[in-house]
Structure formats: structure tokens, C-alpha cells
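This report covers the pockets and the nonpolar core of one model. Please look over the sequence and structure before reading on.

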Amino acid sequence: MTLPKLVRDLVPTHIIDEGRTPVVSIASTRDQHIELLRAKVNEEFQEFLDDPCLEEAGDCYEVLRALFELHGMTMAEVTAAADIKERKCGGFYEGIVLEAVSEGGPIDVAIAGQEDTFEEEIELHKTYGGG
């Protein structure tokens with residue numbers, strides 16, 4: 001384990017319960033906290049890629065949840081945004097790789113009456129549910 005690093009809030013208590021003494025500090029600014037979380041995202045996602053299991057997935061989720069909160073987003077808002085984007089653009093489930101784009105393809109035409117902004121769609125999703 002490489003130190004110093006951001007740890008879950010109860011880790012120092014668990015270290016004390018084991019009869020050891022943790023030496024800790026707390027991020028002094030919001031910006032420092034965000035930078036620590038950015039490093040933690042990389043660490044946790046690499047651990048998940050090395051060992052894709054529920055425990056590592058939960059760690060990834062928790063880091064993202066903290067990062068979203070620091071940016072003023074709730075998980076409900078993020079989930080709504082993801083659902084809306086998936087409906088519009090699909091997910092990443094089929095492994096589609098875009099290799100190139102050539103000119104002269106089909107023209108994308110907007111449908112009249114469907115000009116809602118992304119933020120409006122998120123509010124509708126929160127109000128009426130996704131799907």
C-alpha cells in the first residue's frame with residue numbers, strides 16, 4: 001500500500017480497533033478533496049479491472065458518489081442523466097467500436113416538439129421515473 005492516500009471515513013477507527021495508531025490528516029480544501037478523489041477513482045477502477053468483483057465495484061461506486069456530491073450532484077440526478085443519455089445514445093453493452101466516419105451519410109433531422117434540454121429531461125425523469 002502506497003501512503004499517503006485517501007481512505008474511507010471509518011478506516012482510522014478500524015486501525016485503532018486493531019491496536020495500531022493511524023496518522024491522518026483531512027483535506028484542507030474542497031479542491032484538495034476533489035484531487036484526492038480523482039486519484040482514488042484511478043486506484044479503485046484499476047483494482048476493479050484487475051479483479052472484477054462486487055467489493056471492488058462497490059469501492060468504485062462509493063468514490064464516484066463522493067465525487068458527485070462534492071460537485072453538488074445527487075445520485076438520483078446522475079442516474080437520471082445516465083438513463084436519459086442511454087435512451088438517446090445507447091449504452092456501452094454491445095462493444096461497438098467506431099473506426100471511422102465518412103462524409104455524405106444520412107442527415108440527422110430533429111423532430112419538432114422534442115427540443116427539451118438535458119436538464120429539463122432530468123427533472124422529468126426525477127418526477128415521473130425512468131424507462
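How many nonpolar, polar and charged residues does the lining of the largest pocket have? The model is predicted. In it, the lining of the largest pocket comprises 19 nonpolar, 4 polar and 14 charged residues.

**Pockets**

The largest pocket holds about 1,400 Å³ of space. It is lined by 37 residues, and those closest to its centre are Lys5, Leu6, Val7, Arg8 and Asp9. Three elements, α1 (11-17), α2 and α3, give two or more residues each to this lining. The largest share comes from α2, with 9 residues.

The second largest pocket has a volume of about 260 Å³. Its lining includes Thr79, Ala82, Asp83, Lys85 and Glu86. Cys89, Gly90, Gly91, Phe92 and Tyr93 also line this second pocket. By class, the lining splits into 4 nonpolar, 3 polar and 3 charged residues.

| Pocket | Volume | Lining by class |
|---|---|---|
| Largest | about 1,400 Å³ | 19 nonpolar, 4 polar, 14 charged residues |
| Second largest | about 260 Å³ | 4 nonpolar, 3 polar, 3 charged residues |

**Core**

Which residues form the largest nonpolar core? There are 5: Ile34, Leu37, Val41, Val63 and Leu67. Both α2 (30-50) and α3 (54-70) supply at least two of them. The largest share, 3 residues, comes from α2.

Val63 belongs to this core. Leaving aside residues up to four places away in sequence, Val63 touches Leu37, Lys40, Val41 and Glu44. Of these contacts, Leu37 and Val41 are also core members.

Methods
Residues are numbered from 1 along each chain as its sequence is written. This is a predicted model: local features need pLDDT of at least 70, side-chain atom pairs count only at pLDDT 80 or more; totals for chains, interfaces and linings use all residues. Side-chain values use heavy atoms; hydrogens and water are left out. A nonpolar core is a set of buried Ala, Val, Leu, Ile, Met, Phe, Trp, Tyr and Cys residues joined through side-chain atoms within 4.5 Å. Buried means under 20% relative accessible area, exposed over 50%, partly exposed in between (1.4 Å probe, protein chains only). Helices (H or I, at least four residues) and strands (E, at least two) are DSSP runs, numbered from the N terminus. Contact means heavy atoms within 4.5 Å. On a 1 Å grid over the protein atoms alone, a cavity is a set of points where a 1.4 Å probe fits but cannot get out, and a pocket is an open set with protein on both sides within 12 Å along at least five of seven lines; lining residues have an atom within 4 Å of a point. Grid points are joined across faces, edges and corners, and a volume is the space filled by probe spheres set on the points. Ala, Val, Leu, Ile, Met, Phe, Trp, Tyr, Cys and Pro count as nonpolar, Asp, Glu, Lys and Arg as charged, and the others, Gly among them, as polar.
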